[in-house]
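Me: I would like to learn how to read contacts, burial and strand pairing from a set of coordinates. Could you take me through them one at a time?

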Amino acid sequence: MTHNDLLDFYEKRKSLFSGSLQAIRKKINVISNIRLAVALIFLALLYFGFTHYNLFYSLPVVLLIFVLLVRRHSSLFEEKVHLEHLRQIQADELRVLNGDFSNNSSGSEFIDPQHPYTHDLDIFGEGSLFQYVNRTATTGGKKLLAAWLSSKAAHSEEIKKRQEAIKELSGKSAFRQEIEAFGRQVHEQPDDQRQLEHWLCQPAFIFRKSPYKFILHFFPAVTVILVLTAFFVDGVTGFAVLAAALQWIFLGFHMKRVNAFHQYVSRKKNTLGKYARILFFIRKETYSSAMMWSLGEQAQEADQKVTQLASLLSAFDARMNAMTNLVVNSLLLYDLQCVYRLERWKEENAVSLPAWLDAIRQTEALCSLGTFSFNHSGFAFPDINSDQQLSATAMGHPLLEEKERISNDVHLDRQQSIMIITGANMAGKSTFLRSLGVNVVLALTGAPVCADRFDCPMIEVRSGMRTADSLKENQSYFYAELYRLKSIMDELRKGTPLLILLDEILKGTNSTDKQAGSIALVKQLAEQPCLTLIATHDLGLGELEKVYPGRVSNYCFEANIENDQLSFDYKLKRGIAQKMNATFLMKKMGIIGAPPTSPAPDL
């Protein structure tokens, strides 16, 4: 699809959902008016029933109609909320296509300056790859997508399975958006899933204990019989009160554990209800890819079971109402009945619940990448190799708009393993390194990459591009950079294949020391199992191509100065950069030399 085709696609779906919303709002208004009329009729029948007793016989019918109308209104309202989310999804996608993806979650909670590459490559945070790609809504989905972008898949077969699933999902826009819309309605708390998983690990204290099963049947039955009998037989009221008191005494011995139990699982009804809807859509869809088929199988019967759990939790939450709590615990040992039923559900489904939640997480993450693929049909799915060969044709940065993106080719393998990239300030060296790094991260996640062709090895990414001082760790900038380089060399000496991206290394020392250290580092890297790109202003590093012919290669980004104007073409070229721009810009801005005769250039 072209950019205009995508705009048209989302505009049409937005109009479709807007029309559906308008229709359902009319239905809601009609139902509301009918419900109000039925309520007034009920009150009128109740008022006149005291003089015309026959009218009382119609009250149950009117009450039933009112209840049905309430349920219909609730169902229509849920449908309206769902349609509002679907319409908002189209609006958000239109904004993304126009370069504004600020409505998406940025993943700033995953920012880690000490991570081997995510901080340098802007994987998380405002304007990040995660914010651009992310369409997850649940906490688990966000964490899984973040984990995929923070570390490569365990093996190439896993990547190929994800690729197949993402390709399939890219063609299932309606399915992806249903999953996203229900995910947006979850409104879970950060600890919801953790508390559910903690509850699964807790041992049962009522279920499978025969005395409790007998007590939970016998005590309530006796108490209810005594209460009912007290209405008709004198002298039974005291026994009924005693029976109710005995239930409270028995419950009192367990109150601490019941309260702790409730704390772990309370107020999860709405969250679980939305989980159930997501699982329903995962289960009912048909799939051709192995990974999605497996997730569909994983979700079989899950929606009914999770709905059942949501209903049990909703019933347990009724204890929060003081009057309800007083009545039902006096008659039915209600709290212990709820605990018993929840423990029975846990006994039957504890093994499956984590798998069901994982099906939601994986489907959300895959749907995010499926939307990314759909929105970028021209992006290529990479070939994953075991030859330590990294090769790309027409590669660019995926976050740059197509009209602004400049693409380049790149090739590294076991023989030609080190690229020294020189060039002027702002010529494109850092962007090129980030473009390659981000595309490798996408490739090893299973996603398509911004290139016409992309061959990628199973390799770990390591970078040194944005090292900073750390007051917390009592580290200077220079020491932090050395520490990063040491960790890279330690991994290489263990035989770990690495893709290393270094931008202007050893900035914290003098030029002579910097050049000597950089040359020594390159000599070390030439002997290790790595693919390396080093962006530098130090033209002296270009001499290493003569020392290691075939292994070290010089490339550059050149600045063009014509008619007293500075420009860049951002194209990677063979050789060492010949033009630098610092002195030109300083003169142009009047920092050195004669004052400028024209306004300073807009940088």
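**Contacts, burial and strand pairing**

Reply: Leaving aside residues up to four places away in sequence, His73 touches Ile28, Ile31, Ser32 and Arg35. Please keep in mind throughout that this is a predicted model.

Me: Which helix holds His73, and is His73 buried or exposed?

Reply: His73 lies in helix H2, which spans residues 59-97. Burial is read from the relative accessible area, with under 20% counted as buried; His73 is therefore classed as buried, because its value is 16%.

Me: How far apart are His73 and Ile421 in sequence and in space?

Reply: Separation along the chain and separation in space are read independently, and for this pair they are 348 residues in sequence and 65 Å from C-alpha to C-alpha.

Me: Turning to the strand that holds Ile421, which residues of S4 lie on each side, and are they buried or exposed?

Reply: A strand can be read one face at a time. In S4 (residues 418-423), six of the six residues are buried, with Ile418, Ile420 and Thr422 on one side and Met419, Ile421 and Gly423 on the other, so that both faces are covered, as buried here means under 20% relative accessible area.

Me: Which strands are joined to S4, and by how many bridges?

Reply: Pairing is read bridge by bridge, together with the direction of the two strands. S4 runs parallel to strand S8 (residues 530-536), to which five bridges join it, and Ile421 stands opposite Ala535 in S8. S4 also runs parallel to strand S9 (residues 552-557), this time over six bridges, with Met419 opposite Ser553.

Me: What can be said of S6 in terms of cover and pairing?

Reply: Strand S6 (residues 460-464) is mostly covered, four of its five residues being buried. S6 pairs with strand S7 (residues 498-503) in the parallel sense over five bridges, and Gly464 stands opposite Leu502 in S7.

Me: In what order do the four strands of the open sheet come, and which are the edge strands?

Reply: The order is S1-S5-S2-S3, in an open sheet with mixed pairing. The edge strands, each pairing on one side only, are S1 (383-385) and S3 (408-412), and the twist averages 20° from one strand to the next. Within this sheet, S1 runs parallel to S5 (residues 453-457) and is joined to S5 by three bridges; the bridge partner of Asn385 in S5 is Pro457.

Me: Which strands does helix H17 lie across, and at what angle to S5 does H17 run?

Reply: Helix H17 (residues 429-445) lies across S1, S2 (390-395), S3 and S5, and runs at about 75° to S5.

How values were computed
Residues numbered from 1 in each chain as written. Predicted model: local features only at pLDDT ≥ 70, side-chain atom pairs only at ≥ 80, totals over all residues. Heavy atoms only, no water. Buried < 20%, exposed > 50% of the residue type's maximum accessible area, 1.4 Å probe, protein only. Pairing = 2+ DSSP bridges. Axes fitted to C-alpha atoms, helices over the stretch in contact; angles between N-to-C directions. Contact = heavy atoms within 4.5 Å.
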